[in-house]
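Student: I should like to study one part of this protein closely rather than survey everything at once. Could you please take me through the part built around one helix and the strands beside it, and then show me how the rest is connected to it?

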Amino acid sequence: MSVIVTDTGFAADDFACGFVGLGEVAANDCDYGIDLPSDTPPNALIGLDNAAMIRIDFPSSADGRGFTLAAMLRRAGYKGRLRAKGHVLADQYAMARRSGFDEVEIDTALAARQPEDQWQFRADWQNHNYQARLRG
């Protein structure tokens with residue numbers, strides 16, 4: 001079971017279309033989500049702009065490659081839902097949002113160790129960063 005984390009707190013997963021791997025993407029079909037591993041090469045991101053959702057795996061909280069992939073997708077013009085999945089910690093939520101993720105998918109065990117209030121504490125991610133403090 002998974003828990004979806006957004007700026008408003010914990011929620012159930014409302015994406016019912018399912019996910020396929022990158023190699024299973026069919027041309028012009030955007031009714032599904034695409035699962036990307038954290039080691040996806042940047043050139044594999046080309047042509048994914050019609051996907052309803054892209055979910056990037058975080059196999060470890062120490063693996064930040066997913067943040068880079070998210071930022072690259074957003075810079076390339078991807079406007080769909082972007083979800084981080086796996087070992088993302090509450091402390092990393094602001095970074096996930098700044099790099100382009102709309103939401104984070106965690107398992108119920110992590111949600112129990114890091115309850116909703118810890119994630120919501122970081123939900124004001126736009127105002128609590130280095131640049132915002134410099135601007136005053």
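Tutor: The answer below begins with the whole chain, turns to the helix and its strands, and then follows the neighbouring parts.

Please keep in mind that this is a predicted model. The mean pLDDT of the protein is 88, and 87% of its residues reach 70 or more. Confidence varies along the chain: among the elements, strand E6 has the highest mean pLDDT, 98, while helix H5 (residues 130–135) has the lowest, 58.

The secondary structure comprises five helices and seven strands. Read from the N terminus, the order of the elements is β-β-β-β-β-α-β-α-β-α-α-α. The protein has 136 residues, and 39% of them count as buried. If one takes the contacts with a separation of 6 or more, 58% of them are between residues 24 or more positions apart.

The part you asked about is helix H1, which spans residues 65–75. Which of its residues are buried? They are Gly 66, Phe 67, Leu 69, Ala 70, Ala 71 and Leu 73. These buried residues pack against three strands, namely E4 (33–36), E5 (53–58) and E6 (81–86), and also against helix H2 (93–98). Just after H1 comes Gly 77, whose phi is positive, at about 105°.

Let us now look at the strands on which H1 packs. Strand E5 is mostly covered, since five of its six residues are buried. On one side of the description stands E4, which pairs with E5 in the parallel sense over four bridges. Within this pairing, Leu 36 has Ile 56 of E5 as its bridge partner. E5 also runs parallel to E6, and six bridges join these two strands. Here Arg 55 stands opposite Arg 83 in E6. The chain passes from E5 through H1 to E6, and the resulting β-α-β crossover is right-handed. H1 is thus the helix of that crossover, and its buried residues pack against both of the strands that it connects.

Arg 83 leads us onward to another strand. Its side chain makes a polar contact with the side chain of Glu 103, at 2.7 Å. Glu 103 lies in strand E7. Is this residue buried or exposed? Its relative accessible area is 5%, so Glu 103 is buried. Leaving aside residues up to four places away in sequence, Glu 103 touches Ile 4, Val 5, Thr 6, Met 53, Arg 81, Leu 82, Arg 83 and Ala 84.

Several of those neighbours direct attention to the beginning of the chain. Strand E1 (residues 2–6) and strand E7 (residues 103–107) run antiparallel and are joined by four bridges. In this pair, Val 5 has Val 104 of E7 as its bridge partner. E1 is also paired with strand E2 (residues 9–11), again in the antiparallel sense, over three bridges. Ile 4, for example, has Ala 11 in E2 as its bridge partner. A hairpin of two residues leads from E1 to E2.

The aromatic residues complete the picture. A search of the whole structure finds four aromatic pairs. A pair of aromatic rings is described by the distance of the centres and the angle of the planes. In the pair formed by Phe 15 and Phe 19, the ring centres are 5.2 Å apart and the planes stand at 45°, so this pair is tilted. Phe 15 is buried, with a relative accessible area of 13%, whereas Phe 19 is partly exposed at 22%. The rings of Tyr 93 and Trp 119 have centres 6.0 Å apart and planes at 80°, so their arrangement is edge-to-face. Because Tyr 93 lies in helix H2 and Trp 119 in helix H4 (residues 116–120), this pair ties together parts that are 26 residues apart in sequence. Both Tyr 93 and Trp 119 are buried.

Finally, we may return to H1. Its buried residue Phe 67 belongs to a cluster in which ring pairs link Phe 58, Phe 67 and Phe 101. The helix may therefore be followed through the packing of its buried residues, through the right-handed crossover from E5 to E6, and through this cluster of rings.

Terms used: Residues numbered from 1 in each chain as written. Heavy atoms only, no water. Pairing = 2+ DSSP bridges. Buried < 20%, exposed > 50% of the residue type's maximum accessible area, 1.4 Å probe, protein only. Contact = heavy atoms within 4.5 Å. Right-handed = clockwise from strand over helix to strand, strands pointing away. pLDDT = per-residue confidence, 0-100. Polar contact = N/O pair within 3.5 Å; in protein donor to acceptor, adjacent residues only side chain to side chain. Phe/Tyr/Trp six-rings, centres within 6.5 Å; stacked < 30°, edge-to-face > 60°.
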